[in-house]
Amino acid sequence: MYSINEVIDHDVAAQIVEDFGFIAKVAEDKEGAARLGVSSEGEDPTELQSRSPVVTILGHVDHGKTTLLDAIRNTRVAAGEAGGITQHIGAYQVEYNGNKITFLDTPGHAAFTAMRARGAKVTDIAILVVAADDGIMPQTIEAIDHAKAAGVPIIVAVNKVDKANANPDKVKQQLVERELVIEEWGGDVIAVEVSALKGEGISDLLENILVVAEVAELKANPNRNAAGVVVESRVDKSRGPVATVLVQAGTLRIGDYVVAGSYKGRVKAMLNDLGKRIKEAGPSTPVEILGLDGVPDAGEFIEVADDEKAGRQMAEAKTQELQTQARGGGTLEDVYSRVETGEITSLNLILKTDVQGSVEAVRQALEKLNTEKTRVNFVHSSAGSITENDVTLASASNAVVIGFNVQSEPGARSLSRQLDVNIKQYGVIYTLVDDIESALKGMMEPTYKDVVDGEATVRAVFNVGRNTVVAGFYVNSGKIARDAEIHLLRDKEQIYVGKITSLKHFKNDVREVATGLEGGLTLEGFKDFEEGDILEPHRREKIEVK
């Protein structure tokens, strides 16, 4: 049962309408849809002001991510976390030399990418933590690939340099192998040696974060309606739904009516990262808010609506928009059509193989297919089974997952169906390479040649009705097809090029008229036929890429 004041969702409404013999159509709320997401495009440049950078810390487990954040905040949170693993996502703001920096404390690159898969660009800078005694590990490689796929500047924090067996130079060499060349070696990646445990090098790290942020010229309009991203949410037994929100533009205030995905409500209370109640929060500020009627997912956009009615419309528009964005990397088979529409320019792949040696072999075989016009882009490649994390990254990066002699983990398959991510598995390398080559050929801008399919002579001209003129013709050679482009020649001069609007053999509509047969046709926008005119049917034929 629904009361008169309740809102019925679209699926239920559609079912009810259908029972009455009608079809429900969703009215497009252009204004609401246009407001989805956070962008400074179209903003008055005079309204834009500098904002604090938002930083995410990524890296291999036990390399000191949480300890580093702990050292930055100068509070002891690491000791209270089970097994040293971050228990839930939070967001914290620190001040250094009069400048604020916002840190997102995530469990790792999986959460980082899950948010991006929902369309949310949350992070300005990624800090990659690598232990100087361990070096680059599999999870480090994944973190690098996730940050690269997001297009986020990377600063490397070489941690645990105080250990006796620390070897920072080895780490730097391994970074070069992953195409991260540090500044002192002539590259553009900043690397800072730190000891999170002893608090050494932290000021250098913060200084470099501010330098990268200054170069990026991060700005937002604090005077518009607030918009941002849900970083984390949960249900509190005493307070109800609680959402950690990163305000990205505008200023969020107590009493604002907000929409986060399909949930909405009025902001009843707002707490900063220290747990203190505040009345407003500007760009790059993380806050916990109370008042939503449900728990939105991490990565959902959150926006302020003008009123409750506008809020309901925005919630509906957001739900539809997120549904259209849910499609992942597509399939190898649809690569050609997606390039035709300009949706993609290279084929993004996530490659998983049985052993590390196979990774290099498959990569080398596929990289040989690259040309000036087309290329394979490896978003991530490693040995091991296909995981949910691979599927999430594929969804965020518009990539296809390629498996060679490996299986998909339980959950990865179901997630791939949920996110509409294509997983292709192979046992023979030649089949794999052939499939990718076919996709790449489709990705090349097709070239066409003009083919003349025949010739016909106009033998009679008929006026049918007031505005229709039919040319009766005889096919001398080849054929006249309904979908052909007709070139009409008179005295060897071309006087018309256009489409056939109708084609008949006697009184029957036909698809084509073959050699030695007679027919009649009308042309789009042309009536001035004369006996003796020559009709040449042309078609464009795609030249196969060799």
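Before the structure itself, one term: a residue is called partly exposed when its relative accessible area falls between the under 20% of buried residues and the over 50% of exposed ones. By that rule Lys 504, at 31% relative accessible area, is partly exposed. I will come back to Lys 504 with the salt bridges.

What you have in front of you is a predicted model. The protein chain has 546 residues, and 48% of them are buried. It contains 13 helices and 29 strands. Its accessible surface is about 28,200 Å², and carbon and sulfur atoms hold 47% of that. Among contacts in the chain with a separation of 6 or more, 69% are between residues 24 or more positions apart.

Let me start inside. The largest nonpolar core has 27 residues. The members that touch the most other members are Leu 68, Ile 72, Phe 103, Ile 127, Leu 205 and Ile 209. Several elements give two or more residues to this core, including the strands β2 (54–59), β3 (90–96), β4 (99–105) and β5 (125–131), and the helices α3 (65–73) and α7 (202–216). Which element supplies the largest share of this core? That is α7, with seven residues.

Take Ile 72 as an example. Setting aside neighbours within four places in sequence, Ile 72 is in contact with Ile 57, Val 94, Phe 103, Ile 202, Leu 205 and Leu 206. There is also a second, separate core, of 22 residues, and Leu 58, Val 130, Ala 143 and Ile 154 are among its members.

Next, strand β5. How many of its seven residues are buried? Seven of the seven are, so by the under 20% cut-off the strand is mostly covered. In a regular strand, side chains alternate between the two faces of the sheet. In β5 both faces are covered. One side carries Ile 125, Ile 127, Val 129 and Ala 131, the other Ala 126, Leu 128 and Val 130, and all are buried.

Now the partners of β5. Strands β2 and β5 run parallel and are joined by five bridges. In that pairing, Gly 59 has Val 129 of β5 as its bridge partner. Strands β5 and β6 also run parallel, with six bridges joining them. There, Val 130 stands opposite Val 158 in β6.

After β6 comes a residue worth finding on the screen, Asn 165. Asn 165 sits in the loop between β6 and α6. Is Asn 165 buried or exposed? At a relative accessible area of 51%, Asn 165 is exposed, because the cut-off is over 50%. Leaving out residues up to four places away in sequence, Asn 165 touches Ala 132 and Asp 133. From Asn 165 to Asp 134 the C-alpha to C-alpha distance is 9.0 Å, with the two positions 31 residues apart in sequence numbering.

On to charges. Side chains of opposite charge can pair when their charged atoms come close. The count of salt bridges here comes to 21. I will show three.

The first joins the side chains of Glu 184 and Lys 172, at 3.2 Å from N to O. Lys 172 is in helix α6 and Glu 184 is in the loop between α6 (168–177) and β7, so the pair ties together parts that are 12 residues apart in sequence. Glu 184 is exposed, with a relative accessible area of 55%, whereas Lys 172 counts as buried at 4%.

The second joins Arg 490 and Glu 530, at 3.6 Å from N to O. This pair links distant parts of the chain, 40 residues apart: Arg 490 is in strand β24 (residues 485–490), and Glu 530 is in the loop between β28 (518–523) and β29 (534–542). Glu 530 is partly exposed, with a relative accessible area of 42%.

The third brings back Lys 504, whose side chain meets that of Asp 509 at 3.0 Å, N to O. Asp 509 is exposed, with a relative accessible area of 60%. Elsewhere, salt bridges that share partners join Glu 232, Arg 234, Asp 236, Arg 239 and Glu 288 into one network.

Last, the surface. Tyr 2, Ile 8, Ile 16, Phe 20 and Phe 22 form a nonpolar patch there, with about 550 Å² of accessible area together. Where is Phe 22? Phe 22 lies in the loop between α1 (10–19) and α2 (30–34), and with a relative accessible area of 56% Phe 22 is exposed.

How values were computed
Residues numbered from 1 in each chain as written. Predicted model: local features only at pLDDT ≥ 70, side-chain atom pairs only at ≥ 80, totals over all residues. Heavy atoms only, no water. Helix = DSSP H or I, 4+ residues; strand = E, 2+ residues; numbered from the N terminus. Buried < 20%, exposed > 50% of the residue type's maximum accessible area, 1.4 Å probe, protein only. Contact = heavy atoms within 4.5 Å. Areas by Shrake-Rupley, 256 points an atom, 1.4 Å probe, with all protein chains shown as cover. Core = buried A, V, L, I, M, F, W, Y, C linked by side-chain atoms within 4.5 Å. Patch = residues over 30% accessible without salt bridge, like charges linked within 9 Å, V, L, I, M, F, W, Y side chains within 5 Å. Salt bridge = Lys/Arg side-chain N within 4 Å of Asp/Glu carboxyl O. Pairing = 2+ DSSP bridges.
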